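Here are my notes for a colleague who has not yet worked with this structure. Please read them with the sequence and the model side by side.

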Amino acid sequence: MSDQANDHTDQDDIDDAAPSTEIEEEELSSGDIDTESPEQAASAEEESSQSSDSPISLGEAQNRAREVAEDLLEHGFEGIIKIEAAGDDGWRTVVEVVERRAVPDTQDIIGRYEIMLDTTGNVTGYELLERYQRGDMKEEL
């Protein structure tokens, strides 16, 4: 009888230890260990260097202008007004951001910025072209 009681206690000890083993397994499978082979790492590095050296398309310039407007200008993105090739130097984009929200929204303050991108999509400069109230009637560029 005492053997059965000891067997039961031993089984309880094993059950108590099981959750910590599961946690350790989860930690190992969560990506803490780098399983990428050297060949895969070299291939990924080569692809990223090729993509950064190759010229971007009009669509990529549009996406990049949006990213830059949100990150660099730190205002809510409103829209892209213009994208044009800037010769062999890259892209000239004009974007609008909401610099100040108001109620009613016709009172929002909109900033219109020119963002220059080189042929690979890196920002070479930006400039505030104008600032106006959303409800103002005006000519487009």
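1. Strand 1 and strand 2 form a hairpin in this predicted model, with five residues lying between the two strands, and Gly 87 in the turn has a positive phi of about 65°. Strand 1 covers residues 76-85 and runs antiparallel to strand 2, to which it is joined by eight bridges.

2. Strand 2, residues 91-100, deserves attention for its surroundings: nine of its ten residues are buried, so the strand is largely enclosed by the rest of the structure. On its other pairing, strand 2 is joined to strand 3 by nine bridges, and these two strands also run antiparallel.

3. Val 97 is a convenient residue for following both pairings, since this residue of strand 2 is the bridge partner of Phe 77, while Val 97 also stands opposite Gly 111 in strand 3.

4. The count of aromatic pairs comes to one. The ring centres of Tyr 113 and Tyr 126 are 6.4 Å apart and their planes meet at 50°, which lies between the limits of 30 and 60 degrees, so the pair counts as tilted. The pair links distant parts of the chain, with Tyr 113 in strand 3 (residues 109-117) and Tyr 126 in strand 4 (residues 123-133), 13 residues apart.

5. How buried or exposed are the two partners, Tyr 113 and Tyr 126? Tyr 113 has a relative accessible area of 8%, and because the limit for buried is under 20%, this residue counts as buried. Tyr 126, by contrast, has a relative accessibility of 43% and is therefore partly exposed.

6. Tyr 126 also belongs to a nonpolar patch on the surface, which it forms with Leu 72 and Val 123, and the three have about 250 Å² of accessible area together. Leu 72 is found in helix 3, residues 58-72, and with a relative accessible area of 38% it is partly exposed.

7. For the chain as a whole, the secondary structure comes to three helices and four strands, and from the N terminus on the elements run α-α-α-β-β-β-β. Of the 141 residues, 21% count as buried, and the chain exposes about 10100 Å², of which carbon and sulfur atoms supply 46%. Among contacts between residues at least 6 apart in sequence, 42% join residues at least 24 apart.

Note on methods:
Residues are numbered from 1 along each chain as its sequence is written. This is a predicted model: local features need pLDDT of at least 70, side-chain atom pairs count only at pLDDT 80 or more; totals for chains, interfaces and linings use all residues. Side-chain values use heavy atoms; hydrogens and water are left out. Rings of Phe, Tyr and Trp (its six-membered ring) pair if their centres lie within 6.5 Å; planes under 30 degrees apart count as stacked, over 60 as edge-to-face and the rest as tilted. Buried means under 20% relative accessible area, exposed over 50%, partly exposed in between (1.4 Å probe, protein chains only). Two strands pair if DSSP finds at least two bridges between them. Patches are made of residues with over 30% relative accessible area and no salt bridge: like charges are joined within 9 Å, nonpolar side chains (Val, Leu, Ile, Met, Phe, Trp, Tyr) within 5 Å. Accessible areas come from the Shrake-Rupley method with a 1.4 Å probe; for residues, only the protein chains shown count as cover. A salt bridge is a side-chain nitrogen of Lys or Arg within 4 Å of a carboxyl oxygen of Asp or Glu. Contact means heavy atoms within 4.5 Å.
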